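Biologist: Please walk me through this model. I will ask, you answer.

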Amino acid sequence: MAIDIGGGATNRSGWSDALRTFIDLNNPANADGILDTFEVYFDSAGPDPTGVIVGTASGSGTSYATRDSETLGSVTKGSKQTFTGKNCAVQTGDYFATYWETGYCERDSSGSGYYYKDGNQFGAGTQAYYTLASSRTLSVYATGTERRCLTYGANYAKSLAAYMTYPMG
């Protein structure tokens with residue numbers, strides 16, 4: 001089964017500021033596996049985005065932890081950009097997480113909303129006090145492939161990547 005996560009990378013009516021980690025609540029992951037393709041859409045205003053990180057996160061309420069991530073670095077603004085060949089672990093119910101240093105990610109005022117917290121929270125463990133922006137959708141999306149695998153706590157991403165070298169039956 002194909003996995004997808006995120007609200008879709010499209011041109012939207014607004015934008016969100018940099019230097020925050022966002023947890024987009026739109027379209028949580030529908031299966032366990034690996035995300036190999038990421039799409040983002042940054043507004044044409046302002047500088048080209050830099051320091052872009054995308055990944056997965058889990059949690060509830062105002063507390064979330066990132067599961068895995070991929071560094072995209074600098075991204076061209078003003079259109080949907082697609083990045084393939086990635087290897088990002090995801091579990092059913094995970095959310096799309098992202099952070100960037102400069103630029104403005106497209107967003108609109110509809111959808112399930114997103115949580116945000118100042119600074120780069122990737123790899124920081126469970127973080128409390130995320131702030132909810134209701135009725136928002138970031139312009140982000142990812143797809144991948146479902147994989148049956150074993151989970152090994154904090155080493156989930158590494159064990160999953162290693163397990164994927166074996167044929168699935």
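The questions below go through cores, contacts, a sheet, aromatic pairs and salt bridges.

Modeller: This is a predicted model, so local features need pLDDT of at least 70, side-chain atom pairs count only at pLDDT 80 or more, and totals for chains, interfaces and linings use all residues. Residues are numbered from 1 along each chain as its sequence is written, and side-chain values use heavy atoms, with hydrogens and water left out.

Biologist: Which element gives the largest share of the largest nonpolar core?

Modeller: A nonpolar core is a set of buried Ala, Val, Leu, Ile, Met, Phe, Trp, Tyr and Cys residues joined through side-chain atoms within 4.5 Å. Buried means under 20% relative accessible area, exposed over 50%, partly exposed in between (1.4 Å probe, protein chains only). The largest core has 25 residues, and Leu35 and Val40 have the most contacts inside it. Strands are DSSP runs (E, at least two residues), numbered from the N terminus; the largest share of this core, three residues, comes from strand 4.

Biologist: Where does alanine 97 lie?

Modeller: Alanine 97 is buried, with a relative accessible area of 0%. A contact means heavy atoms within 4.5 Å. Leaving out residues up to four places away in sequence, alanine 97 touches several residues, including Phe22, Ile53 and Phe122. Its place is strand 9, residues 95-99.

Biologist: What is the strand order of the open sheet?

Modeller: Two strands pair if DSSP finds at least two bridges between them. Strand 2 (14-16) and strand 13 (137-138) each have a single partner strand, so they stand at the edges. Strand 10 (residues 105-108) pairs with strand 13 in the antiparallel sense over two bridges. The order is 2-10-13.

Biologist: Why does the pair of phenylalanine 22 and tryptophan 100 count as stacked or edge-to-face?

Modeller: Rings of Phe, Tyr and Trp (its six-membered ring) pair if their centres lie within 6.5 Å; planes under 30 degrees apart count as stacked, over 60 as edge-to-face and the rest as tilted. The structure holds 10 such pairs. In this one the centres are 5.0 Å apart and the planes stand at 10 degrees, so the pair is stacked.

Biologist: How far apart in sequence are the parts tied together by that pair?

Modeller: Both phenylalanine 22 and tryptophan 100 are buried. Phenylalanine 22 lies in strand 3 (residues 20-24) and tryptophan 100 in the loop between strand 9 and strand 10, so the parts are 78 residues apart.

Biologist: Which residue forms a salt bridge with aspartate 108?

Modeller: A salt bridge is a side-chain nitrogen of Lys or Arg within 4 Å of a carboxyl oxygen of Asp or Glu. The whole structure has four. For aspartate 108, the closest N and O atoms are 2.9 Å apart, and the partner is arginine 12.

Biologist: Is aspartate 118, in its salt bridge with arginine 20, buried or exposed?

Modeller: The closest N and O atoms of aspartate 118 and arginine 20 are 3.2 Å apart. Arginine 20 has 26% relative accessibility, so it counts as partly exposed. Aspartate 118 has 55%, so it counts as exposed.

Biologist: How many disulfides does a search of the whole structure find?

Modeller: A disulfide is a pair of cysteine sulfur atoms within 2.5 Å. Cysteine 88 is buried at 0% relative accessibility, and cysteine 105 is buried at 1%. The number of disulfides found is zero.

Terms used:
Helices (H or I, at least four residues) and strands (E, at least two) are DSSP runs, numbered from the N terminus.
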